[in-house]
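Biologist: Could you take me through this structure slowly, giving the reason behind each term you use?

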Amino acid sequence: MGDEDWEAEIIKPRMSSYVPVFEKDRYSSGANGDTFNRTLASLSEMDDGSSRRDHFMRSRFAAGRSLGNRDPGESNTRENTSTVGGFRVGRSFGNRGFSNNKFEEGDSSGFWRESNNDREDNQTRNRGFSKRGDSKYEQDEGTQHTGGIFGSRRLALTGVGKGDTYQSRSGSGSGRGGYKGLNEEIITGSGKNSWKSEAKGGESGDTQGPKVTYIPPPPPEDENSIFAHYQTGINFDKYDAILVEVSGHDVPPAILTFEEANLCQTLNSNIAKAGYTKLTPVQKYSIPIILGGRDLMACAQTGSGKTAAFLLPILAHMMRDGVTASRFKELQEPECIIVAPTRELISQIYLEARKFSFGTCVRAVAIYGGTQLGHSIRQIVQGCNILCATPGRLMDIIRKEKIGLRQVKYIVLDEADRMLDMGFGPEMKKLISCPGMPSKEQRQTLMFSATFPEEIQRLAGEFLKSDYLFVAVGQVGGACRDVQQTILQVGQYSKREKLVEILRNIGDERTMVFVETKKKADFIATFLCQEKISTTSIHGDREQREREQALGDFRCGKCLALVATSVAARGLDIENVQHVINFDLPSTIDEYVHRIGRTGRCGNTGRAISFFDPESDGHLAQPLVKVLSDAQQDVPAWLEEMAFSIYVTGFSGSTRGNMFVSIDTRKGKSSLNTARFSSSQAPNPVDDESWD
Ligand SMILES: Nc1ncnc2c1ncn2[C@@H]1O[C@H](COP(=O)(O)OP(=O)(O)OP(=O)(O)O)[C@@H](O)[C@H]1O
C-alpha cells in the first residue's frame, strides 16, 4: 500500500481538481463573469506550467461555474430560505430534526448517490479486520501516472450545460499499488513485492510514469515562526479535572510541573518559548513514564498535547545520552523514528520536533510521500536523529539504505490505532522486523491516539514490551468535551442547502467540512466557491503541492472553509478552527471523534455539526448517542429513538464493536495494576491491586 491513507498516489494525474475561489485574483473575469481567463504569468506561478494541465483547469473551472446554473429552481429555493433555526439554534434544532425538510424534495438532479469507489475512509468502515486484507501494499511514492489503462477516479467537472454532471474521469490515470479502502481500486501492476516502488518506478524513471518532482518549501528559520503558537483556551484548566487511569506495574508517579521533569535548560527554554506553562494530563503521566524507559500506550482526547507528551521526554533522553551531533553521512542512523498516517501530520510533528530541539544538536527530518524522493534523501544525509515519516516513504528510504536502524531507541506510532489497523499494520510489522531494528526489549515503543479500539490494543502487544503501561485520559475514544456537538437530521439531497445556510450564519469563522469521498470534496468545494464562500479542499487525489497550498490558505485565513476527506481527520492542529461540519458522517464513530477534534483544541471551544442521513447513517445512531452523552452533550430525541429502535430490534449496527471500551484490554490479566487519578493529583504508584 502507499505510505498513507487513501493515497494510491500513483493514480493521480497531475491536475488540480478545481480552481478554488481564492485563486480568483489570479484570473480575470470574462465579460459575463462566467469564465475566468488566466494569464500565462499567473499560470506559471501556480504550477510548472503544463499547458495540458492549464487547459484542463481552465475548462474545469468554467464547467464548475456552469454547474451552479444546473438547477436554477434549486438556487431560488435557497435564496428564499429562511436561515432561522440553522446553526444558531443549535441543539433544539437537532431535536426537531429535518425529516420533513423542504429542501429534500426535487433535487435528484443535483446530487448523486455515492459509489463507494472513491471513499477515502473505507479503511475505517472496516477498520482493522476488514476485507481489505487482500489489498497488497505497493509503495508508490516516487511516481505519478498520467496515462495508461488503470483507471483513476479523478474527477472532472464537465460543463454540458444545464443538468451537467460531475463525472469521474475513468481511465485518465494509471497506477500501481496504493492502499485503497474497500471497493477502491487496488492496482498492483508492478507486482507484489512491497519493497519495490520508487527505486523501480520513481527515481530510476522507468516506464511507470513521470517522477514526483515536488519539493516542499523549507520551513521558516526565524525563531518567531518556529515558536509561533496559539493561545490555550478558557477550558485549559479544566483538563485537571479529567480522570486518568494508568494500568500496568510500577507506574512512575505523575509530574505536576515541567520543572519536575528535570529537563535540560535548552528544553525548558524551548518549552517556555512555545508558550507552555502548564502540563496537560497526558503530559503529566506520559513524560515520567517515557523518562523512566517504559513502553507506553496513551489515549487522550484530541487536541490535548499528545505530541509534546512524547517529543519532550524523547528529546530529554537524547540530550542526557549525549546524542551525537548530526553530520553528513550517506547512511544515517536515527535514534528515533516517528510514524503517522498522513503527510500533513508528519509535517506537523516534524515542526514540533524542530521547535523543541531548537538550539540542540538534535536534528529532526521529515520525509513523506508526494514529494521528490531525492529531496527526502538529501534531507536525511545531512544528518538525522529524529526521523518523522509516513510509512511508505520510510520503507523506501530504508530499502535504499539511507537509513540504518541499529541505533533506533524510540519508535513512536502517532495515531497508533490507525497505524496498526489493516491499512498500515502490515507495514509496521515489516518495520519492526527490518534487519538491524532493535528488538522490542532493546528499544522503547510508544503509541498515542485519541481512540484505541480493543482489537487494536491486542495487536499492539506485538510491538510493546509486556510490561507496557496504558494511560487513559478520560474515556478512551471519547470526544473532546470542549466541542459542542449538534446532530441534524438532513437527507442527502438537502445537505448542500443546509451547508450554505450554516456557513452563511457562521460568517468569518474557520470551518472544516468533512465529506466522504474525494470527488465529493471537489464538488462541494466548487459549489461553495460558486456560492461565494472562499473555500479550498484537501484529499488524497490532490497533488501534494496542492494539499499543502490548501492547508496553507486555510491556516492563514485566505480560505474560510476547507472541504476535506478523512485524510484531514486526524492530528491536524490548525489555529482557530471554530467549526467542523460533517457533511457526510464517517463510517465509524472513532473517525467521528477525530474529525470533530479538529476544533476545540487545547482548551479552546469549538462546534461540530453533523448531518445525519437516516438512510445511510443508522449504524451510527447508537455509538453517537454514547459519544454525545459521555461528552455531556444534548442527545436529540430522534437519535435516541433511532438508537433504541435499532437496539430493541436486535440489530447492533455499530461498526465499532468496542465502542464502549474504556479500559486497557489487559484487564483480564489478574496481576495488572490500575490506578485512577484526577489529573491534578500526582498519583502514587499503586501496589499490587488487581485490575478487577
Ligand atoms: N502544555 C501545553 N501548554 C500549551 N499548549 C500546549 C500544551 N501541550 C500542547 N499544546 C498545544 O496544544 C495543541 C494541540 O496539541 P497536539 O496537536 O499535540 O494535540 P493531540 O493530543 O496530539 O491532538 P490529536 O489527537 O488531534 O492529534 C498544539 O497547538 C500544541 O502546541
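Modeller: What follows is a set of questions and answers about a predicted model.

Biologist: Why is C434 called buried?

Modeller: The relative accessibility of C434 is 5%, and the word buried is used for values under 20%, so C434 counts as buried.

Biologist: What makes C434 too far from the closest cysteine sulfur for a bond?

Modeller: A disulfide needs two cysteine sulfur atoms within 2.5 Å, whereas the sulfur of C434 has its closest cysteine sulfur, in C384, at 15 Å, and this is too far for a bond. C529 is in no disulfide either, since the nearest cysteine sulfur, that of C559, is 7.1 Å away. With 6% relative accessibility, C529 counts as buried too. A search of the whole structure finds 0 disulfides.

Biologist: Why is D250 called exposed?

Modeller: Exposed is the word for a relative accessible area over 50%, and D250 has 61%, so D250 is exposed. D250 is placed in the loop between β5 (243-247) and α8 (265-273), and its phi is near 50°, a positive value in a residue other than glycine.

Biologist: Why is a positive phi worth a remark?

Modeller: It is worth a remark because most residues other than glycine have a negative phi. Q632 also has a positive phi, of about 60°, although Q632 is not a glycine.

Biologist: Where is Q632 found, and is Q632 buried or exposed?

Modeller: Q632 is found in the loop between α22 (621-630) and α23 (637-648), and with a relative accessible area of 58%, set against the cut-off of over 50%, Q632 is exposed.

Biologist: What makes the pair formed by Q283 and the ligand a polar contact?

Modeller: A polar contact is a pair of N or O atoms within 3.5 Å, and a polar side-chain atom of Q283 lies 2.8 Å from a nitrogen atom of the ligand, so this pair fits the definition. By that cut-off, T307 qualifies as well, with a polar side-chain atom 2.6 Å from an oxygen atom of the ligand, and so does R601, where an N or O atom of the side chain is 2.7 Å from a ligand oxygen atom. The protein covers 95% of the 640 Å² of accessible area that the ligand has on its own.

Biologist: Which residues come nearest to the ligand?

Modeller: Of the 21 residues around the ligand, Y276, K278, K306, T307 and D573 come nearest. By class, this shell has 4 nonpolar, 10 polar and 7 charged residues.

Note on methods
Residues numbered from 1 in each chain as written. Predicted model: local features only at pLDDT ≥ 70, side-chain atom pairs only at ≥ 80, totals over all residues. Heavy atoms only, no water. Near = heavy atom within 4 Å. Polar contact = N/O pair within 3.5 Å; in protein donor to acceptor, adjacent residues only side chain to side chain. Areas by Shrake-Rupley, 256 points an atom, 1.4 Å probe, with all protein chains shown as cover. Nonpolar A, V, L, I, M, F, W, Y, C, P; charged D, E, K, R; others polar. Buried < 20%, exposed > 50% of the residue type's maximum accessible area, 1.4 Å probe, protein only. Helix = DSSP H or I, 4+ residues; strand = E, 2+ residues; numbered from the N terminus.
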